[in-house]
Amino acid sequence: RNLRKHFPITGGLLGRTVASVRAVDDVSFAVRKGETLGVVGESGCGKSTLAKLLMHLVPPDSGELIFDGLEVGARDGLRLRDLRRNMQMVFQDSASSLNPRMPIEESVAYGPRVHGMGRAQARAHAISLLEQVGLPARLFAGRYPHELSGGQKQRVNIARALALDPRMLILDEAVSALDKSVEAQVLNLLRRLKAEFNLTYLFISHDLHVVQYISDRVMVMYLGEVVEIGPVERIYASATHPYTRALLASQLHADPRARVTEPPITGDPPNPVNPPGGCRFHTRCPFAETICSQTAPALTPLPAASEHVVACHMADPASGHTRAGAQARP
Ligand code: SF4
Ligand code: MG
């Protein structure tokens, strides 16, 4: 709720704060038990910072994090160590997150050992997890990370993330470094594990095809803010926010089944150090009107009371589409 994280930029002889990167700015959303919420947006939109805030790997400047009804860090709330056990993260860079000098079985057993599990039990647990992610122990348990392919290393990371029996995984570009065929296998593995372990996923990716495949709902971020959230079918068939539409157009235009009529997005996002006032997308938006540079639009359900929320002045509350009168300008 209202999560905010600005990173200060210091300068001058005294190292004073001269500006700040507004990485995550007043972001509120919920991940529902059992769902996969996909998070998309261009690089630098705040996706990874958001993931780190949820894990409390970086503390938020302000805002609240509530896990299963308990506020993290509050008195009588959820303690950080309970949060970290319940919520685990898998990163993109599978190679650097594994200890190169540790056999993978030990890497997987490490977390449970730290949490007090006996050696034999932790070992048996690790072996069973390796089997579950498709790495039979008799072939893989004693191997070191350098003896594994990228896909296999990512399977080890997933096994490691599951070792403390978490309820939620945050997957930050977890398949982005993999070849397409391996990516598909790991995505299917993630789907199967989600059902078997009753997991909830927050799935961050810049790849809209992958997000479409795995998500139940999709959240779109632009320059540290949430601009649209909705069910996956709704977002992909009839996204409303001009940014989402442009993002979809730029990635899906090669697909003849996608009925994309929007011009793809051009140019780079503005600098998050000094984001544009009003709607942050107004410098790139083909529908922008005067109000867009003056007032920030609030996230509003479209149509009213629906699951689909959009932050855009030109969105039509009745139809849930950008107003007919709003003309795209070149
Ligand atoms: Fe474009 Fe205005 Fe909507 Fe922002 S509020 S997305 S600038 S039409
Ligand atoms: Mg990132």
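**Exercise 1. Determine which residues of helix H4 are buried and what covers them.**

Step 1. The structure is a predicted model, in which local features need pLDDT of at least 70 and side-chain atom pairs count only at pLDDT 80 or more, while totals for chains, interfaces and linings use all residues. Residues are numbered from 1 along each chain as its sequence is written, and chains are lettered from A and ligands numbered from 1 in the order in which they are written.

Step 2. Locate the helix. H4 comprises residues 119–132; helices (H or I, at least four residues) and strands (E, at least two) are DSSP runs, numbered from the N terminus.

Step 3. Apply the burial criterion. A residue is buried if 20 or more other C-beta atoms lie within 10 Å of its own, exposed if 12 or fewer, and partly exposed in between, with C-beta atoms placed from the backbone. In H4, the residues Ala122, His125, Ala126, Ile127, Leu129 and Leu130 are buried.

Step 4. Identify the cover through contacts (C-beta atoms, placed from the backbone, within 7 Å). The elements over the buried residues of H4 include helix H3 (104–114), helix H5 (137–140) and helix H6 (150–162).

Step 5. Check the length and the end. H4 has 14 residues and spans 20 Å from its first C-alpha to its last, close to the 20 Å expected at 1.5 Å a residue; the expected span is 1.5 Å times one less than the number of residues. Just after H4, Gly134 adopts a positive phi of about 85 degrees.

**Exercise 2. Find the residues with the most contacts inside the largest nonpolar core.**

Step 1. A nonpolar core is a set of buried Ala, Val, Leu, Ile, Met, Phe, Trp, Tyr and Cys residues joined through C-beta atoms within 7 Å.

Step 2. The largest such core has 81 residues, and Val108, Leu130, Ala159 and Phe203 have the most contacts inside it.

Step 3. Follow Ala159. Not counting residues up to four places away in sequence, Ala159 touches Val108, Leu129, Leu130 and Val133. Of these, Leu129 and Leu130 are among the buried residues of H4.

**Exercise 3. Explain why strand E3 is described as largely enclosed, and place E3 in its sheet.**

Step 1. Strand E3 (residues 36–40) is largely enclosed by the rest of the structure because 5 of its 5 residues are buried. Thr36, Gly38 and Val40 point one way, Leu37 and Val39 the other way.

Step 2. Establish the neighbours; two strands pair if DSSP finds at least two bridges between them. E3 runs parallel to strand E8 (residues 200–204), with 4 bridges joining the two, and Gly38 has Phe203 as its bridge partner there. E3 also pairs in the parallel sense with strand E9 (residues 217–222) over 4 bridges, where Gly38 stands opposite Val218.

Step 3. Extend to the whole sheet. The open sheet has 8 strands in the order E6-E7-E8-E3-E9-E10-E12-E11, with mixed pairing. Its edge strands, E6 (87–90) and E11 (300–301), each pair on one side only.

Step 4. Find an antiparallel pair. Strand E10 (residues 225–231) and strand E12 (residues 309–310) pair in the antiparallel sense over 2 bridges, with Glu228 opposite Val310. In the loop between E11 and E12 lies Pro303, which is joined to Leu302 by a cis peptide bond with omega of about -15 degrees.

**Exercise 4. Compare the settings of Val24 and Asp26 in strand E2.**

Step 1. Val24 belongs to strand E2 (residues 16–27). Val24 is buried because 28 other C-beta atoms lie within 10 Å.

Step 2. Not counting residues up to four places away in sequence, Val24 touches Leu3, Arg4, Lys5, Gly46, Thr49, Leu50, Leu53 and Gly224. Among these, Thr49, Leu50 and Leu53 are buried residues of helix H1, a helix (residues 47–54) with 6 of its 8 residues buried.

Step 3. Asp26, also placed in strand E2, is partly exposed, with 15 other C-beta atoms within 10 Å. Its phi is near 60 degrees, a positive value in a residue other than glycine.

**Exercise 5. Characterise the shell around ligand 1.**

Step 1. A residue is near the ligand if its C-beta atom, placed from the backbone, lies within 6 Å of it. Of the 13 residues around ligand 1, Cys279, His282, Cys285, Cys292 and Cys312 come nearest.

Step 2. Classify the shell: Ala, Val, Leu, Ile, Met, Phe, Trp, Tyr, Cys and Pro count as nonpolar, Asp, Glu, Lys and Arg as charged, and the others, Gly among them, as polar. The shell divides into 10 nonpolar, 3 polar and no charged residues.

How values were computed: Two residues are in contact if their C-beta atoms, placed from the backbone, lie within 7 Å.
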